Amino acid sequence: MDALKIPQDIVAIDVHVHPASQEAADSGGEYLQWARRHFKTEVGSVVSLDATAAMYREQRMMCVLLGKDERSNTGLPAIPNDVLAQAVKDHPDTFIGFGAVDPHLGKWAVHEVQRIADLGLRGLKFQPITQGFFPNDEAYYPIYEAAQSLGLTTLFHSGTTGIGAGAPGGMGLRLKYGRPIHLDDVAADFPDLTIIAAHPGWPWTDELLAIAVHKSNVFIDMSGWAPKHFPPLFVQYARTVLQDKMLFGTDWPLLTIERWQAEFAAYDFPAAVVKKIMLENAKRALRLEQ
Ligand SMILES: [Zn+2]
């Protein structure tokens, strides 16, 4: 996949943004209600993709818009990859699209990875907890094989999840699938596949930091967690050893850009490090040119 030329005036890239359109509401079902309660967010209403693009454009930011396909495990409809592709076509100055495949769908999933690339999307989003799979199970390797050969970036949720949080039995979701160490196998077996591990990976933050230090193809996105609650070691690594591997991300609509930026600013990172985290590292992880 060729490098994507992005506008000169872009100051940041939010690498973790969810559609809040009607398709997203349909794909979230009751799981999303628990996530909203967990994040204590008022966002619950449908926001059009046009409005989402306008919000990022106003900030002179681009964002990675993430797909979702968890149908085997949750029974809920996917966000069609065509919806993401259309959003990117409508707003190429703002959206970078990541599609999704249900990993349980075998050869169909592998074909869909090819179609995702053909649609002009630049990556694949996985949520091992809600999709219910261990990322390092070799049954799914043909999917990564395809992604690697097509030059698609992958993004995996890591750590605990707000989805189903506080519900009886966590709505049947299992946190074991979110352990970062499973991604270490994938990174080792696919050295040319870029992997973004989303969130601070709590309660396995140290494990995640070790993987990102050890594997050059693993990045970490700093989304889904109010920055003021970042684990101290996570902040220390972002400031020092991992300053070239950490990526700005919010998890909008669960966290707002304003809150993320205000709380992150309180850590008072050197300006050069901030620039890497907000923009420069994402250009490498997503193969962008400015
Ligand atoms: Zn997310």
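Is Arg287 buried, exposed or partly exposed? Arg287 is partly exposed, because its relative accessible area is 30%, which falls between the limits of 20% for buried and 50% for exposed. The structure is a predicted model. This briefing covers the zinc site, the surface acidic residues, and the backbone features, Arg287 among them.

**Zinc site**

- The zinc ion is coordinated by three residues, namely His16 through NE2, His18 through NE2 and Asp251 through OD, at 2.1 to 2.2 Å.
- Along the sequence, these donor residues follow the spacing H-x1-H-x232-D.
- The pair His16 and Asp251 links distant parts of the chain, the two residues being 235 residues apart.
- His16 belongs to strand β2 (residues 12-17), whereas Asp251 sits in the loop between β9 (246-247) and α11 (257-265).
- Both His16 and Asp251 are buried.

**Acidic residues at the surface**

- Asp137, Glu138, Asp185 and Asp189 form a negative surface patch.
- Within this patch, Asp185 is located in helix α8 (residues 181-189).
- Asp185 counts as partly exposed because its relative accessibility is 34%, a value between the 20% and 50% limits.
- Asp50 is placed in helix α2 (residues 49-58).
- With a relative accessible area of 47%, Asp50 is likewise partly exposed, as this value is under the 50% limit that an exposed residue has to pass.
- Asp50 and Ser21 are 29 residues apart along the chain, and their C-alpha atoms are separated by 9.5 Å.

**Cis peptide bonds**

- Most peptide bonds are trans.
- Trp202 and Pro203 are joined by a cis peptide bond with an omega of about 5°.
- Pro203 lies in the loop between β7 (195-198) and α9 (205-214).
- A cis peptide bond also joins Trp252 and Pro253, with omega at about 10°.
- Pro253 occupies the loop between β9 and α11, which also holds the zinc donor Asp251.

**Positive phi angles**

- Most residues other than glycine have a negative phi.
- Asp268, although not a glycine, has a positive phi of about 55°.
- The loop between α11 and α12 (271-286) contains Asp268.
- Asp268 counts as exposed because its relative accessibility is 62%, over the 50% limit.
- Arg287 is not a glycine either, and has a positive phi of about 55°.
- Arg287 is situated in the loop between α12 and β10 (288-289).

Technical notes. Residues numbered from 1 in each chain as written. Predicted model: local features only at pLDDT ≥ 70, side-chain atom pairs only at ≥ 80, totals over all residues. Heavy atoms only, no water. Donors = N, O, S within 2.8 Å, 3.2 Å for Na, K, Ca; no water. Helix = DSSP H or I, 4+ residues; strand = E, 2+ residues; numbered from the N terminus. Buried < 20%, exposed > 50% of the residue type's maximum accessible area, 1.4 Å probe, protein only. Patch = residues over 30% accessible without salt bridge, like charges linked within 9 Å, V, L, I, M, F, W, Y side chains within 5 Å. Areas by Shrake-Rupley, 256 points an atom, 1.4 Å probe, with all protein chains shown as cover. Salt bridge = Lys/Arg side-chain N within 4 Å of Asp/Glu carboxyl O. Lys, Arg positive; Asp, Glu negative; His and termini not counted. Charge placed at Lys NZ, Arg CZ, Asp CG, Glu CD.
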